Amino acid sequence: MGLPLIDGIFPALIIAGALTTSAGDPSIAGILQTGLLIFGGSATVAVILAEMDGTRREQLTSILLLGALLIPVAVAEAAVAETIETLLNFEVFHRFAGLVILAVAAKTASSKVGEYLPSPSVIIGLGLVASFNPAGFELIVTPDPMRLLSAGAAAGTGVGFAGAVALFAPRLRGNVDIDLFRFGSSVALGMLALEVLGLMPTQAPVALGVLGVTALFAFDPGSDGADLDEFVDDAPATESATPDANANGAVADGGDDVETSEDYDALVDDDDDDNDGSAPGYGYPGEEESRAPWL
């Protein structure tokens with residue numbers, strides 16, 4: 001959750017005006033999109049559901065402690081961003097801000113593609129160089145309070161999202177398709193990038209809609225084996241999954257039972273081999289073995 005503050009994505013969004021309206025007022029849609037997609041997103045969900053240890057109270061305490069550091073740093077970066085903005089050509093830099101979100105979206109969707117893309121900090125560094133314009137430099141001593149409020153609200157939204165995931169983790173764990181949520185989050189990030197670049201022909205928060213639909217489809221109650229249990233319960237009692245149960249049944253001429261047993265043993269061995277280390281996990285980002293084949 002702190003990476004956007006470290007690699008420069010969050011200050012870039014502030015300078016690009018993603019958190020405020022054209023009149024300078026806080027943008028509710030921009031705050032929610034930044035908080036849920038930049039500070040939250042699939043990485044936060046994966047870490048909380050798969051890697052965070054301790055009880056629910058301990059997890060919430062850790063998230064709140066992180067928020068106590070995250071929100072003030074976000075506000076401080078928003079204050080400094082106003083001074084940095086006077087050194088930049090806005091029309092040039094906001095294009096790089098959109099490109100860095102597209103790069104994060106591509107890295108989220110495919111670790112293979114991410115290997116060939118530069119890191120977000122490199123893209124932002126290139127944007128700073130390309131848009132550098134020292135002629136308009138001005139030291140901003142009293143930053144815009146609306147911009148500071150928007151920055152704090154965006155970071156707070158991310159912290160609140162993480163807290164909600166931790167609160168409902170027992171219910172979500174095993175019932176959320178992380179690969180699907182990860183892919184949908186990357187699409188939502190792509191929509192956010194198009195909005196920052198000014199290529200979205202609507203003022204509607206499309207990225208929020210995509211994220212909402214993604215969360216709806218990624219949540220699959222009972223996906224952790226309930227369907228298999230139901231199938232086993234409904235199976236006819238006369239049919240058994242093991243060759244020993246059928247050895248005294250249809251086989252009467254001797255020989256087919258041996259072949260059936262051999263086939264069964266081979267099938268079990270193959271199934272054991274497939275289950276060793278190949279089950280989808282929650283690794284993020286870039287763990288190739290944890291991704292669904294279609295990703």
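**Helix 3: packing and a pocket**

Analyst: To begin, in this predicted model helix 3 and helix 11 cross in a left-handed manner.

User: At what angle do helix 3 and helix 11 pack, and how far apart are their axes?

Analyst: The angle is about 45°, and the axes of helix 3 and helix 11, the latter covering residues 206–218, are 9 Å apart. That makes helix 3 oblique to helix 11.

User: And helix 3 with helix 10, what is the geometry there?

Analyst: Helix 3 packs against helix 10 at about 165°, with 10 Å between the axes. The two helices, 3 and 10, are therefore roughly antiparallel to each other, since an angle over 145 degrees counts as such.

User: What is the handedness of that crossing of helix 3 and helix 10?

Analyst: The crossing of helix 3 and helix 10 is left-handed.

User: Changing topic: which residues does UniProt list as "transmembrane region"?

Analyst: The UniProt entry, which is unreviewed, lists residues 28–50, 62–80, 122–142 and 148–168 under that name.

User: What do residues 28–50 look like in the model?

Analyst: Residues 28–50 are 100% helix and 0% strand, and their end C-alpha atoms are 31 Å apart.

User: And residues 148–168?

Analyst: Residues 148–168 are 95% helix and 0% strand, with 30 Å between the end C-alpha atoms.

User: On to pockets. How much space lies in the second largest pocket?

Analyst: The second largest pocket holds about 470 Å³. Its lining has two or more residues from each of helix 3 (28–50), helix 5 (90–109) and helix 10 (178–197).

User: Which helix gives the most to that lining?

Analyst: Helix 10 does, with four residues.

User: How many residues line the second largest pocket, and which lie nearest its centre?

Analyst: The lining comprises 22 residues, with Gly17, Ala18, Thr20, Glu195 and Gln203 nearest the centre.

User: How do the lining residues divide into nonpolar, polar and charged?

Analyst: Ten are nonpolar, eleven are polar and one is charged.

Technical notes:
Residues numbered from 1 in each chain as written. Predicted model: local features only at pLDDT ≥ 70, side-chain atom pairs only at ≥ 80, totals over all residues. Heavy atoms only, no water. 1 Å grid on protein atoms, 1.4 Å probe; cavity = no way out; pocket = protein on both sides within 12 Å on 5 of 7 lines; lining within 4 Å. Points joined across faces, edges and corners; volume = space filled by probe spheres on them. Nonpolar A, V, L, I, M, F, W, Y, C, P; charged D, E, K, R; others polar. UniProt positions renumbered as here; feature names shortened; annotations may be inferred. Axes fitted to C-alpha atoms, helices over the stretch in contact; angles between N-to-C directions. Parallel < 35°, antiparallel > 145°, perpendicular 65-115°, else oblique. Left-handed = near helix turned anticlockwise from the far one by under 90°.
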